[in-house]
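Me: I would like to go through this model step by step, with the reasoning laid out before each value or name is given. Could we start once the sequence and structure are in view?

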Amino acid sequence: LEKSALKKVRGAKTLAELEDVRVELLGRNGEIQALTKQIGTLPPEEKQTFGKAANKLKRKVSDEIEARKAELKERELAEKLAREKADVTLPVRLGPQLEGRIHPLSQVWDEVTEIFADMGFEVAEGPDIETDENNFTKLNIPEEHPARQEHDTFYFHPKDDGSRPLLRTHTSPVQIRAMQERKPPMRIIAPGRVYRSDSDQTHTPQFHQVEGLVIDETTHMGHLRWVLEEFCRAFFEVDDVKMRYRASHFPFTEPSMEVDISAEAIGKQDDWLEILGCGMVHPNVLRGVGLDPEKYQGFAFGMGLDRITMLKYGIPDLRTMFASDLRWLRHYGFSM
Ligand code: PHE
């Protein structure tokens, strides 16, 4: 019996087979258990020897099963590892539909940053959640100013000190931060997200602007025009862009202008397309950040990034820019 039992154990080729063998040998109706049952029928002088032998056999078989189990486990693991081995040095195989695409807005964000970097502008940053002070007050928009209404501001709950944080309605608060952190001369741009409670074909509650700010001792409107025209030539990749400056009003610039580009410049039939607001930094703003307006002057502009993206790449509906539709991205996106 011992021989045949051990042979069975060693013959088990998988863990499942081994379990069957274990039940067959040691289970309640198993062969070895049957031996134990026989003890009762034996004459007293044989009981002890027989019992001992049966127990010994039982132990031996179950030790053998444990040993075989460990062996099989190890082998199954080794086989599994061998089966699942991946060659990480193989080149990636991706279908065209799985290849990532760069969103046109990200593409434009980079293009814009590069063009201004070539003109000596540094990138400045500010948080999306701003203080009322940076978004309005320090930009010469005091508490009761009507411009506050025009901005459709998203406010947070007032804080304990009574101040109300908000989602910045434009990138202009980065002007304030830059002027407080740096010393003139400075040339910065600040691309970023902005928020207004507004939604239709040409407005989304979140959109993007790029702010520009130049402060120096002799900066004037000629510099502003040169920078904007140089930018448009580079961005729209045309030698000559017709641009139109319309008198406008922003509390933080004086004079203020809105700038349109002629649509024919970008191969469209429409007449004029507005792309930005700009002007010379208002003396009150300079004073507010501790700069002497007698000594320093500068210009600022704020351009709609989504706007110029749509113009350059012929995207008709602003909302599709934020819809995360993969088919749209495959059509308008850029390969990596
Ligand atoms: N912040 C203005 C807006 O959001 C744009 C602007 C920026 C105008 C800088 C003048 C100077 O409409």
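Me: How many residues lie between β7 and β8 in the hairpin that they form?
Reply: In this predicted model, β7 covers residues 243–250, and β8 covers residues 253–262. The two strands run antiparallel and are joined by 7 bridges, with Ala247 paired to Met257 and Tyr245 paired to Val259. The number of residues between the two strands of this hairpin is 2.

Me: Which strands stand at the edges of the open sheet of 7 strands?
Reply: The sheet is open, has mixed pairing, and follows the order β2-β5-β6-β10-β9-β8-β7. An edge strand here has a single partner strand, so one side of it is left without a neighbour in the sheet. The strands that stand in this position are β2 (122–123) and β7 (243–250).

Me: Is β8 largely enclosed by the rest of the structure or largely open, and how many of its residues are buried?
Reply: On one side, β8 is joined to β7 by 7 bridges, and β8 is also joined to β9 by 8 bridges, again with the strands running antiparallel. Within the pairing of β8 with β9, the bridge partner of Ser262 is Trp272. With burial set at under 20% relative accessible area, β8 is largely enclosed by the rest of the structure, because the count of its buried residues is 8 of the 10.

Me: Which helix lies across β7, β8, β9 and β10?
Reply: Helix α5 (residues 104–118) packs on the sheet by touching β2, β5, β6 and β10, and its direction makes about 165° with that of β5. The helix that lies across β7, β8, β9 (272–281) and β10 runs at about 30° to β10 and comprises residues 221–236. That helix is α9.

Me: How are α5 and α11 oriented to each other?
Reply: Two packed helices are described by the angle between their axes and the distance between the axes. For α5 and helix α11 (residues 305–313), the axes are 9 Å apart and the angle is about 105°. Residues of α5 including Leu105, Trp109 and Val112 meet residues of α11 including Leu305, Ile308 and Tyr313, and by class this contact has 8 nonpolar, 2 polar and 3 charged residues. Since angles of 65 to 115 degrees count as roughly perpendicular, the orientation of α5 and α11 is roughly perpendicular.

Me: Is α3 roughly parallel or roughly antiparallel to α4?
Reply: Helix α3 (residues 31–38) packs against helix α4 (residues 44–83) with axes 9 Å apart and at an angle of about 165°. The contact brings Ile32, Gln33, Leu35, Thr36 and Gln38 of α3 to Phe50, Leu57, Lys58 and Val61 of α4, and these residues divide into 5 nonpolar, 3 polar and 1 charged. The crossing of α3 past α4 is left-handed. Because angles over 145 degrees count as roughly antiparallel, α3 is, with respect to α4, roughly antiparallel.

Me: Does Val92 count as buried or exposed?
Reply: Val92 belongs to the loop between α4 and β1 (101–102), and its C-alpha atom is separated by 53 Å from that of Lys138, which is 46 residues apart from Val92 along the chain. The relative accessibility of Val92 is 71%, and the cut-off for the exposed class is over 50%. Val92 therefore counts as exposed.

Definitions and conventions:
Residues numbered from 1 in each chain as written. Predicted model: local features only at pLDDT ≥ 70, side-chain atom pairs only at ≥ 80, totals over all residues. Heavy atoms only, no water. Axes fitted to C-alpha atoms, helices over the stretch in contact; angles between N-to-C directions. Helix = DSSP H or I, 4+ residues; strand = E, 2+ residues; numbered from the N terminus. Parallel < 35°, antiparallel > 145°, perpendicular 65-115°, else oblique. Left-handed = near helix turned anticlockwise from the far one by under 90°. Contact = heavy atoms within 4.5 Å. Nonpolar A, V, L, I, M, F, W, Y, C, P; charged D, E, K, R; others polar. Pairing = 2+ DSSP bridges. Buried < 20%, exposed > 50% of the residue type's maximum accessible area, 1.4 Å probe, protein only.
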